[in-house]
Each structure stands twice: as structure tokens, then as C-alpha cells.
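I set aside some bench time today to look through this model and jot down what I found. Here are my notes, in the order I took them.

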Amino acid sequence: MKCYLVTGGAGFIGANFVKYILKYAPEIQLIVLDALTYAGNLGTIASDISDNSRCVFVKGDICDKELVNKLFEEYPIDCVVNFAAESHVDRSIENPQLFLQTNILGTQNLLDGARHHWVTGKAENGYPLWKSNVRFHQVSTDEVYGSLGTGGYFTELTPLDPRSPYSASKTSADLIVKAYADTYKMPVSITRCSNNYGPYHFPEKLIPLIIKNILEGKQLPVYGDGSNVRDWLYVDDHCKAIYTVIEKGREGEVYNVGGHNERTNLEIVKTIIHTIYQILSREQHYRAMLKKQTILADGSIDISWINEGLITFVKDRLGHDQRYAIDPTKITNELGWTPQTMFDEGIIKTVRWYLDNQAWVEEVTSGDYQKYYEKMYGDR
Ligand code: NAD
Ligand code: TYD
């Protein structure tokens, strides 16, 4: 049995990855390390831990050297999958330092923990000898490439040109991973994925925030003129790509992950409005969860206000990247990976998931979320 140390496994993509591996890879045992920051929620993976002897949870910080060493001593870890990060661009604009601490120093601490436990000796040329079949996998982002104009795609050869504190910290992490590969011949891989969407996405990011606001009858904040473009991928397709790269990808390589699904933010917001409207038109029982309850003459709950009039253009994000778009040719040609869930299907699945899992939304937003929302959107 193989053993993966999955960091950040109580967050959005990490939790989906935990579920994916437990479902599709019976030969893999998981040690999940997560600090449970505002973005991490143990409830998301509680049943995966309790129902499965293949999954152990440890609460802790990837920057904690002693803890990381202890995990390597206690478990036969042969792969680190590093999801743990501060991940929200807007928060990185407010407080860059935390991003550098977690995303850069945390990654370096994990690299060192792995190096100390995976090196078995020294070769004649002075380079370390590594235990066989080990891998450090860094989960990175297309944001390391910066921003595109109207044409072109990010390939693995596109120069790194991060522009936000978040993307600069992720780029630095990629470079330190590469430095360990070059300096120590450490077996590493990196995936750089476009924007993900799907279940368990924290409602500070665009798609879940818009769904939450509609259900609460609130305005829908679109930064600037809504023309910025993101390339959206269903989260399970990202999980599959990471697993494929770890198991089949070449050591020391970077693989871009994306499904050629570019949309402007305005298009995304309009699609969510229409999707919710359509579901609530047909399935009236969902209307009971709306905060705005106007009863019509026929006794039904009014949903006519769920329309594009809810959209509010607000002050733009500082340094807002205009367009991201991934060229996934390398992962497709080399490893046969292609996305399975197309956007039209994925967005309906996602909206339905949120309609059916309001208790989860309430749980994850019960802490400081309200304060955050007022601070970020109050004066926009
Ligand atoms: P997220 O914010 O939902 O989850 C991050 C998780 O990391 C949380 O569970 C949090 O508790 C944990 N964490 C934070 N600091 C930690 C620390 N010091 N020690 C241990 N755990 C810590 O993020 P996400 O959207 O799931 O992103 C996961 C990874 O994927 C990140 O590295 C991100 O850069 C990358 N990524 C995200 C996207 C996207 O669209 N969300 C796209 C490409 C790449
Ligand atoms: P986000 O989900 O924060 O992801 P990222 O910044 O990593 O791409 O934002 C996606 C896009 O949506 C981005 O262009 C910013 C925009 N956006 C809004 O217009 N309004 C919002 O309230 C949020 C959170 C994002």
C-alpha cells in the first residue's frame, strides 16, 4: 500500500482529492495534515475519516518542523501532495505576509521533512540517493504565469510573471520545489491548474459567493466591468489530473491543467442566476430556502426578482489579472488526461450541490465570514 501525505486536505480541492482517492485508488493510504484555518473544515471530510481506516487526520501547520518530522517517522509516507496554502487573492492584497509564510516557508518545510526521510545515502558524484518511488507533488496554479491579453494560452514554457501577492507566493513555492529538484535531485512534480469549481468551495470565491448571495437575496458584486476571463475546470477533473501526474507523470516536470473553458466573470454570474432560476421554477420546494420570501396570490414563493438586476458592478480588484487560459496539450498528449465534466453540466451539479448542502455553507460561514464580507464589500 502506498502512503500519501495530503496537506490542506480539509480545504476545497484537498477535500475533493481525499474523496477522489478513497473512491478510486484503493491501494493508497492517506495522512491528511491541515491547520483548519478559516478555509479548512473538518466536517467536510469527517465521514471519510470515520468510515475509512485508510484515512487519518492530523490537525497541524505545514510550517511546524517538529510535527512534519514526526509524521514522516510515524507513517510510511512515500508521496507528499501539497495543497495547503492561503488561496484567496483578495485576502493576499490585505495581508501578504501570511501568504509568504504558509505558501513559501510551509512548502520549504515540507520539502525538508521529505528530504530528511527519503534520502538513503550519497552517490559518488555527491548527490543524495533517494528511496525509490517517492514523489513530492506541488499543487500550483496558472496564476504564476501572470495575465494574458485577448489571445494566446499559458504553456509550461510561458515565463513566470506573477502579479498578486498570492501568485507571487505560489511562484516562489514552485521555484523552491524546482531548486530542490535541481540541487538535491529530489523527485518532484508540479501541476498548474486553472480556476476550479464544484462542491465544498468556500463562499469567498466567485462561484459559491454568487450562489450564496442569490439565496440570501443580496446584490451580486462583479469587480470592474466583469470582462475579466477565467478558465474554469470541475474540481474532480483537477483531482484526477493530480493523481495521474503523481502516478504516471515524469519526475521533475511541470504539467498545466485546464479544460479550455474560458468565460468572462459576467457570463459566469449570469449563468448562475439563470441556473438557479430554472431549478427553482421547476422544483418549488427549494424556494423555501430563500431569505426573501414574498408570497404570491397563488400561494407560491416569488422568484421573479432572481434576474440580472441583482448584478452590481463594484470597485475593481487592485492589479486585477485580465485573462487566464491554459494550454493542456502536454498532460493530454503525454498522460492521456482530458476533462470529463463539461461546464454546462458541472455548473448545474455545483448549484444543486449548494442547494442541497446549505448546512455546510452555514457551518463554514458561521465564524468571521460576516466581518470579512463587510470589510471586503462594505466600501466597494
Ligand atoms: P482552500 O483555501 O480552500 O484550502 C486550503 C487548505 O489549506 C485549508 O483547508 C486550510 O485550512 C489549509 N491550510 C492553510 N494554511 C495551512 C497551514 N499553514 N498548514 C496546514 N494547512 C493549512 O484552497 P483550495 O482552493 O482548495 O486550493 C488548494 C491548493 O490548490 C492551493 O495550493 C491553491 O494555490 C491551489 N489551486 C487552487 C485553485 C482554485 O481554483 N481554487 C486553482 C489552482 C490551484
Ligand atoms: P476568485 O474566485 O477570487 O478567483 P481568482 O482571483 O483566483 O481567479 O475570482 C474569480 C474572478 O471573479 C476574478 O476575476 C475576480 C472576480 N470576482 C468578482 O468579480 N466578484 C467577487 O465577489 C469575487 C470574489 C471575485
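**Entry 1: ligand 1**

I began with the polar contacts of ligand 1, in what is a predicted model. I found one of its nitrogen atoms 2.9 Å from a polar backbone atom of Ile62. An oxygen atom of ligand 1 sits 3.0 Å from a polar backbone atom of Phe83. I also noted a backbone N or O atom of Leu36 at 3.5 Å from an oxygen atom of the ligand.

How much of ligand 1 does the protein cover? On its own the ligand has 830 Å² of accessible area, and I read that the protein covers 96% of it.

Next I looked up who stands around it. I got 28 residues surrounding ligand 1, and the closest are Ile13, Asp34, Ser87, Tyr166 and Lys170. By class, I wrote down 13 nonpolar, twelve polar and three charged residues for this shell. Helix H1 (12–24), strand S7 (135–141) and helix H6 (165–184) each supply at least two shell residues. S7 gives the most, with three residues.

**Entry 2: ligand 2**

I then turned to ligand 2 and asked for its polar contacts too. A polar side-chain atom of Arg230 lies 2.8 Å from an oxygen atom of the ligand. For Asn265, I likewise found a polar side-chain atom 2.8 Å from an oxygen atom of ligand 2. The backbone takes part as well: a polar backbone atom of Pro221 is 2.9 Å from a nitrogen atom of ligand 2. Taken alone, ligand 2 exposes 510 Å², and the protein buries 97% of that.

Which elements give two or more residues to this shell? My answer was H7 and S10. The largest share, three residues, comes from S10. There are 18 residues around ligand 2, and Glu143, Arg230, Arg317, His320 and Tyr377 come nearest. I sorted the shell by class into eight nonpolar, five polar and five charged residues.

**Entry 3: helix H13**

Tyr377 had caught my eye beside ligand 2, and I followed it into helix H13, residues 369–377. In this helix I found Tyr369, Tyr372, Tyr373, Met376 and Tyr377 buried. Viewed down the helix axis, the buried residues of H13 fall within an arc of 100 degrees, so they line one face. I kept a reminder here: an α-helix has 3.6 residues a turn, so residues three or four places apart point the same way. On the other side of H13, I noted Lys371 and Lys375 as exposed.

What covers the buried residues of H13? I listed helix H4 (89–94), helix H7 (206–215) and strand S10 (220–223) among the cover. H7 and S10 are familiar from my notes on the shell around ligand 2.

**Entry 4: two single residues**

I finished with two spot checks. Is Asp48, in helix H2 (residues 42–50), buried or exposed? Its relative accessibility is 13%, so it counts as buried, the cut-off being under 20%. Leaving aside neighbours within four places in sequence, I found Asp48 in contact with Val18, Lys19, Leu22 and Cys55.

Ile246 lies in helix H8 (residues 235–248). At 6% relative accessibility, Ile246 is buried. Not counting residues up to four places away in sequence, Ile246 touches Tyr4, Phe17, Cys79, Val81, Arg135 and His137. My last look-up was a distance: Ile246 and Ile331 are 85 residues apart in sequence and 12 Å apart in space, C-alpha to C-alpha.

Conventions. Residues numbered from 1 in each chain as written. Chains lettered and ligands numbered in written order. Predicted model: local features only at pLDDT ≥ 70, side-chain atom pairs only at ≥ 80, totals over all residues. Heavy atoms only, no water. Buried < 20%, exposed > 50% of the residue type's maximum accessible area, 1.4 Å probe, protein only. Helix = DSSP H or I, 4+ residues; strand = E, 2+ residues; numbered from the N terminus. Arc of directions from axis to C-beta. Contact = heavy atoms within 4.5 Å. Near = heavy atom within 4 Å. Polar contact = N/O pair within 3.5 Å; in protein donor to acceptor, adjacent residues only side chain to side chain. Areas by Shrake-Rupley, 256 points an atom, 1.4 Å probe, with all protein chains shown as cover. Nonpolar A, V, L, I, M, F, W, Y, C, P; charged D, E, K, R; others polar.
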